[in-house]
Amino acid sequence: MDKLNEFNPFSEIGERLSYLTGQIDNLTRIHMQSIQSKDLDRYIDYKEVIKILGITRQTLYNYEKAKIIVPYVLGGEKKYKLSEIQNAPQRKD
């Protein structure tokens, strides 16, 4: 029997594994992009806002009055959109 004409199952398995690895990498990348965009749409409380911006609670209140930051009332509590907070003015040291 000629060695060149023999079917090598391990070679085919290796090719399929390489293909699947590429597909998994693509799906993982797409999933991570999806998570990141959804994370920006989440709502956070005032404690997270003042921590992110490095401001006091009074400054947050002043920002609300000046309509620099807009709170949303969800379930009777003030919440803030993370994406909007990340675009808000931050404390300058």
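Let's start with one pair of side chains: Glu 12 and Arg 16 form a salt bridge, and their closest N and O atoms are 2.6 Å apart. A salt bridge here is a side-chain nitrogen of Lys or Arg within 4 Å of a carboxyl oxygen of Asp or Glu. Side chains of opposite charge can pair when their charged atoms come close. Why do Glu 12 and Arg 16 sit about one helical turn from each other? Because they are 4 residues apart in helix α1, which covers residues 9-40. Glu 12 is partly exposed at 27% relative accessibility, while Arg 16 is exposed at 54%. (Buried means under 20% relative accessible area, exposed means over 50%, and partly exposed is in between, using a 1.4 Å probe and protein chains only.)

Before going on, keep in mind that this is a predicted model: local features need pLDDT of at least 70, side-chain atom pairs count only at pLDDT 80 or more, and totals for chains, interfaces and linings use all residues. Residues are numbered from 1 along each chain as its sequence is written, and side-chain values use heavy atoms, with hydrogens and water left out.

Now zoom out to the whole chain. It has 4 helices and 3 strands, and if you read along the sequence you meet them in the pattern α-β-α-α-β-β-α. Helices (H or I, at least four residues) and strands (E, at least two) are DSSP runs, numbered from the N terminus. Of the 93 residues in the chain, 13% are buried. The accessible surface comes to about 7800 Å², and 55% of that belongs to carbon and sulfur atoms; such areas come from the Shrake-Rupley method with a 1.4 Å probe, and for residues only the protein chains shown count as cover. Take the contacts between residues at least 6 apart in sequence: 52% of them join residues at least 24 apart. Contact, by the way, means heavy atoms within 4.5 Å.

Which residues make up the largest nonpolar core? There are 11: Ile 44, Val 49, Leu 53, Ile 55, Leu 60, Tyr 63, Ile 69, Tyr 80, Leu 82, Ile 85 and Ala 88. Helices α2 (46-53), α3 (57-65) and α4 (82-86) each supply at least two residues of this core. A nonpolar core is a set of buried Ala, Val, Leu, Ile, Met, Phe, Trp, Tyr and Cys residues joined through side-chain atoms within 4.5 Å. Ile 44 is a handy one to click on. Leaving aside its neighbours within four places in sequence, Ile 44 is in contact with Val 49, Ile 52, Lys 79, Tyr 80, Leu 82 and Ile 85.

One of those partners, Ile 52, also leads you to helix α4, where you'll find Gln 86. The C-alpha atoms of Gln 86 and Ile 52 are separated by 7.9 Å, with their positions 34 residues apart along the chain. Gln 86 itself is partly exposed, at 42%.

Back to charges. The count comes to 4 salt bridges. In another of them, Lys 78 and Glu 64 meet at 2.7 Å, N to O. This pair links distant parts of the chain: Lys 78 is in strand β3 (residues 77-81) and Glu 64 is in helix α3, 14 residues apart. Is Glu 64 buried or exposed? It is buried, with a relative accessible area of 13%, whereas Lys 78 is partly exposed at 44%. Setting aside neighbours within four places in sequence, Glu 64 touches Ile 69, Pro 71, Lys 78 and Tyr 80 by the contact rule. There is also a salt bridge between Glu 77 and Lys 79, with the closest N and O atoms 3.7 Å apart; Glu 77 is partly exposed at 46%.

Rings get their turn too. The structure holds 1 aromatic pair. The rings of Tyr 43 and Tyr 72 have their centres 5.6 Å apart and their planes at 75°, so the pair is edge-to-face. The rule is that rings of Phe, Tyr and Trp (its six-membered ring) pair if their centres lie within 6.5 Å; planes under 30 degrees apart count as stacked, over 60 as edge-to-face and the rest as tilted. Tyr 43 lies in strand β1 (residues 43-44) and Tyr 72 in strand β2 (residues 72-74), 29 residues apart. Both are partly exposed, Tyr 43 at 35% and Tyr 72 at 26%.

Last stop: the loop between α3 and β2, home of Lys 67. Its phi is near 60°, a positive value in a residue other than glycine, and Lys 67 is exposed at 68%.
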